[in-house]
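Colleague: Please take a close look at the pocket and the cavities in this model, and at what surrounds them. I would like one connected account.

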Amino acid sequence: MGLLFSPVYPTESDSMPQLPTHRPRRNRKSQVIRDMVQETRLTTHDFIYPLFLIEGQNQQLEVSSMPGIHRFTADRLIDEIGRCVELGIHTFAPFPSINDALKDRLAQESANPEGLYLKTVADIKRQFPDVVLMTDVAMDPYSSDGHDGVVDVDSGEILNDASLEVLGQMALAQARAGADIIGPSDMMDGRVAWIREVLDQNAFGHVSIMSYTAKYASAFYGPFRDALDSAPKKGDKKSYQMNPANRREALRELALDEAEGADMVMVKPALSYLDVILDVKNHTHLPVTAYNVSGEYAMVKAAARNGWLDGEKTMMEVLTSIKRAGADAILTYFAKEAAEVLRRG
Ligand code: PBG
């Protein structure tokens, strides 16, 4: 091949500068070779698809800040799950939007077996026994205060130990409805041990716990709270969710969740926390998951709508990077769209 031009060297030596002997580009020279040496490969088995559930029948409403994502009535949600199963997605994380009239201080609707959420969970499991359902444990969708724990009436403080009782009852009711995996997203101290004990004492030893281990107080949850109308009425979640500036603290949470009996651990959000995903991966033998949250989805969609990014390529790059960082599974609103891309090949 040779050089394109003959360089003139100002030095006394007439030897050429050293041409590279190590050429990483050789491993990139064709699509076949690139495919052969690819380190991270997404599959539909990696995805957990979060779904939004609303009261009513035969309706689906698009979440305005999440193009392509809908809030479904139970019948439509079940149809959607059927379509996703066809695409190879088998794990789902439903979240309910609860009527304001049913919300109270203690989130009592969360343990009502006849309520929207638990009835739908049972329906889904009846229709699709092989589908894995991960149910969310936190008070916010059912709480008149919009917080994940019990709010003290006088001080406004979030009461840790009083919350554990509510969360334990919620988890137990979800297990009874047929949940395969309990996902405590509340960040109260000691909740994994508490929930594990409640489950075990009630013969639900086979029900798993995927702990939201390092859940940060993030601005990226905005669209989710719009979708469920679950934003805190007062204050913020900083007294229980982690400070985005902290990394070592995630390992402390990890050690506690392991000791308390979590089966899987999660980092949330994902994209701004890839370092945390890697750290957690390096410090545990448990499966690590990451939650690619609503705001991360919204950003890509908004830019794609404006023609500023190629939405599909960006989506695949985002998901691949989360897996590359160490996530064994990814909760993502992109699940269905990415499964369609993967099917196309
Ligand atoms: C509730 C919960 C939240 C999310 C999942 N479970 C919101 C919050 O903590 O305020 C956010 C998910 C997302 O943004 O996609 N405990």
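Modeller: Helix α10 (311-325) contributes five residues to the lining of the largest pocket, and no other element gives more. The model is a predicted one. Helix α11 (335-344) is another element that supplies at least two residues of this lining. The pocket has a volume of about 370 Å³. It is lined by 13 residues, and those closest to its centre are Leu-42, Met-316, Thr-320, Val-341 and Leu-342. By class, the lining of the largest pocket is made up of five charged, four polar and four nonpolar residues.

Turning to enclosed space, the structure holds three cavities of 30 Å³ or more. The largest cavity contains about 140 Å³ of space. Its lining consists of 17 residues, and nearest the centre are Asp-140, Lys-215, Tyr-221, Phe-224 and Lys-268. Eight residues of that lining are nonpolar, six are charged and three are polar.

The second largest cavity has a volume of about 50 Å³. Strand β1 (47-54) gives the most to its lining, with four residues. Strand β3 (70-73) also supplies at least two. The lining residues include Tyr-49, Pro-50, Leu-51 and Phe-52, and also Gly-68, Ile-69, His-70, Phe-72 and Glu-80. Six of the residues that line the second largest cavity are nonpolar, two are polar and one is charged.

Lys-268, named above for the largest cavity, belongs to strand β10 (residues 264-268). Strand β10 pairs with β11 in the parallel sense over three bridges, and Met-266 stands opposite Thr-289 in β11. Between these two strands the chain passes through helix α8 (residues 274-282), in a β-α-β crossover that is right-handed. Strand β11 also pairs with strand β12 (residues 329-332), again in the parallel sense, over four bridges. There the bridge partner of Tyr-291 is Leu-331 in β12.

Strand β11 itself covers residues 288-292, and five of its five residues are buried, so the strand is largely enclosed by the rest of the structure. Val-288, Ala-290 and Asn-292 point one way from β11, while Thr-289 and Tyr-291 point the other way. Residues on both sides are buried, with buried taken as under 20% relative accessible area.

How values were computed. Residues numbered from 1 in each chain as written. Predicted model: local features only at pLDDT ≥ 70, side-chain atom pairs only at ≥ 80, totals over all residues. Heavy atoms only, no water. Buried < 20%, exposed > 50% of the residue type's maximum accessible area, 1.4 Å probe, protein only. Pairing = 2+ DSSP bridges. Right-handed = clockwise from strand over helix to strand, strands pointing away. 1 Å grid on protein atoms, 1.4 Å probe; cavity = no way out; pocket = protein on both sides within 12 Å on 5 of 7 lines; lining within 4 Å. Points joined across faces, edges and corners; volume = space filled by probe spheres on them. Nonpolar A, V, L, I, M, F, W, Y, C, P; charged D, E, K, R; others polar.
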